[in-house]
Amino acid sequence: LQASFRCYKSRCQYLAQRRAIVQIQSAARQMGTRQQLERDHKAATTLQCAWRLYACQKKMRRMVYSARAIQSVVRCLIQSNRYNETRNLVIGMQSVARGNLIRRDLLRQGSAACKIQSWQRGVSVR
């Protein structure tokens, strides 16, 4: 009877120890799993952050390229307008200068014609 009781007591103690060990192992596995999940979550967050940074930088580069293209077109138009204005002013000044030269030549020719006519009258009268 005592042997059966000791066997029973020993079996109960063994089962209690086994339950405790299983609970400790379970807790350890849960803790390991939680730590692994935290590491995985942190890694995923890091990857997402890097990807978002890459996507934002790519979008920013595209926007900067577009802005530069627009600026280039606007600068080209501004420069073209300045060139056309300057060209028109130069053409106007050249026109005025040519007109003055032609009028001066006409005046000289007119005064030369007057002198020739005067000389001719003087010769024909004598």
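A residue is called exposed when its relative accessible area is over 50%, buried when that area is under 20%, and partly exposed in between. These terms are applied below to a predicted model.

Cys-56 has a relative accessible area of 52%, so this residue is exposed. Cys-49 also counts as exposed, because its relative accessibility is 52%. How many disulfides does a search of the whole structure find? The result is zero. Cys-49 takes part in none, and the nearest cysteine sulfur to it, that of Cys-56, is 9.6 Å away. Cys-56 is likewise in no disulfide, its nearest cysteine sulfur being that of Cys-49 at 9.6 Å. A pair of cysteine sulfur atoms has to lie within 2.5 Å to count as a disulfide, so a separation of that kind rules the pair out.

The next stop is helix α1, which covers residues 2–125 and holds Lys-59. Lys-59 has a relative accessibility of 51% and therefore counts as exposed. Together with Lys-58, Arg-61 and Arg-62, Lys-59 forms a positive patch on the surface. A patch takes in residues with over 30% relative accessible area and no salt bridge, and Lys-59 at 51% is above that area cut-off.

A nonpolar surface patch is made up of Met-60, Met-63 and Val-64, whose accessible area together is about 270 Å². Val-64 belongs to helix α1. Its relative accessibility is 31%, so Val-64 counts as partly exposed. With the patch cut-off at over 30%, the 31% of Val-64 is enough for that part of the rule.

Charged side chains also meet in a pair. The salt bridge count comes to one. Which side chains form a salt bridge at 3.8 Å, N to O? They are those of Arg-108 and Asp-105. The rule asks for a side-chain nitrogen within 4 Å of a carboxyl oxygen, and the 3.8 Å between these two side chains fits it. Arg-108 and Asp-105 are three residues apart in helix α1, so about one helical turn separates them. Asp-105 has a relative accessible area of 38% and is therefore partly exposed.

Finally, a look along the chain. Arg-29 is another residue of helix α1, and Arg-29 counts as exposed because its relative accessibility is 53%. In sequence, Arg-29 and Gly-110 are 81 residues apart; in space, they are 119 Å apart from C-alpha to C-alpha.

Note on methods
Residues are numbered from 1 along each chain as its sequence is written. This is a predicted model: local features need pLDDT of at least 70, side-chain atom pairs count only at pLDDT 80 or more; totals for chains, interfaces and linings use all residues. Side-chain values use heavy atoms; hydrogens and water are left out. Patches are made of residues with over 30% relative accessible area and no salt bridge: like charges are joined within 9 Å, nonpolar side chains (Val, Leu, Ile, Met, Phe, Trp, Tyr) within 5 Å. Accessible areas come from the Shrake-Rupley method with a 1.4 Å probe; for residues, only the protein chains shown count as cover. Lys and Arg count as positive and Asp and Glu as negative; His and the chain ends are not counted. The place of a charge is taken as NZ of Lys, CZ of Arg, CG of Asp or CD of Glu. Helices (H or I, at least four residues) and strands (E, at least two) are DSSP runs, numbered from the N terminus. Buried means under 20% relative accessible area, exposed over 50%, partly exposed in between (1.4 Å probe, protein chains only).
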